[in-house]
Amino acid sequence: MNIAIIGSGNIGSALALHWKKAGHHVQFGVRDIAAFKGKDFADANAIHVETIEHAVQQSDVILLAIPPMAIHSIIQSMGNVDGKVIIDASNAVSSKPDPYPTVYHCLIDTTNAHIVKCFNCTGYENIKNPIYGDFAIDMFMAGESQQAKEIAKQLALDCGFGRCIDIGGTDKVQLLESMAFAWINLAIMQKMGRNIAFKFLVR
């Protein structure tokens, strides 16, 4: 797959390494290539860096790991995304992309892309390494597009997650963000540490 990652922080960088290793063509989309702070990381890992619009137009899949309030300007920068798959990995925990409750809802309302919420409900340490002893932890997703969900599922498996579990449609997107807040609460507020994770078990 051709994948554009917008947001080269811990989450975006961890996903970029997994997907490149899995054989996908990955590039970062940035506002200003000359001022890109992740240049050394990108160069060290042979990941291309393009403007947001160029990266998006060359890709079939776009991963957004951005602050929620940035989505309005990001949408303008991406250009035409009709028919593309966009994975929303953001969390509107402390700020929302007004007037929308989440980035996902903004994308659904303003684009003709296939949208899925995924890769948002755990810390970057678990995305970087989803293996706990003999177990691979699980990833979760929500949204209406089955096409986007199939791609998110494959990309989660490419990262080493045990499963990518579908928790429902648009009405479950905020539940998935609440799941992220639950992880943040346990890891940081309850001081359990960031090396904790969710595993879905069936008897």
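## The sheet as a whole

Eight strands come together in an open sheet, and reading across gives the order β3-β2-β1-β4-β5-β6-β9-β10, with mixed pairing. This is a predicted model, so please read everything here in that light. The edge strands are β3 (48–51) and β10 (164–166), each of which pairs on one side only. From one strand to the next, the twist averages 30 degrees.

As a reminder, strands of a sheet pair through backbone hydrogen bonds, and they can do this in either a parallel or an antiparallel way. Strand β6 is a good place to see both.

## Strand β6 and its two partners

Let us start with the β5 side. Strand β5 (residues 85–88) pairs with β6 in the parallel sense, over four bridges. Two pairs of bridge partners are handy to pick out in the viewer: V85 is matched with H114 of β6, and I87 is matched with V116 of β6. To get from β5 to β6, the chain passes through helix α5 (residues 103–110), making a right-handed β-α-β crossover.

Now for the β9 side. Here β6 and strand β9 (residues 139–142) run antiparallel and are joined by two bridges. The bridge partner of C118 in β9 is M141.

How enclosed is strand β6 by the rest of the structure? Four of the five residues in β6 (residues 114–118) are buried, so the strand is largely enclosed by what surrounds it.

## Helices lying across the sheet

Helix α5, the one in the crossover, lies across β4 (61–64), β5, β6 and β9. The direction of α5 makes an angle of about 175 degrees with β6.

Helix α7 (residues 146–159) also has β6 among the strands it lies across, together with β1 (2–6), β4, β5, β9 and β10. Its angle to β6 is about 40 degrees.

## A look at I75

One residue in helix α4 (residues 71–78) deserves a visit: I75. Is I75 buried or exposed? Its relative accessible area is 18%, and the cut-off for buried is under 20%, so I75 counts as buried.

Which residues does I75 touch, once neighbours within four places in sequence are left aside? The contacts are C106, L107 and T110. Helix α5 spans residues 103–110, so you can look for these contacts there. For a distance to check in your own tools, try I75 and A55: they are 20 residues apart along the chain, and their C-alpha atoms are separated by 13 Å.

Terms used. Residues numbered from 1 in each chain as written. Predicted model: local features only at pLDDT ≥ 70, side-chain atom pairs only at ≥ 80, totals over all residues. Heavy atoms only, no water. Buried < 20%, exposed > 50% of the residue type's maximum accessible area, 1.4 Å probe, protein only. Pairing = 2+ DSSP bridges. Right-handed = clockwise from strand over helix to strand, strands pointing away. Axes fitted to C-alpha atoms, helices over the stretch in contact; angles between N-to-C directions. Contact = heavy atoms within 4.5 Å.
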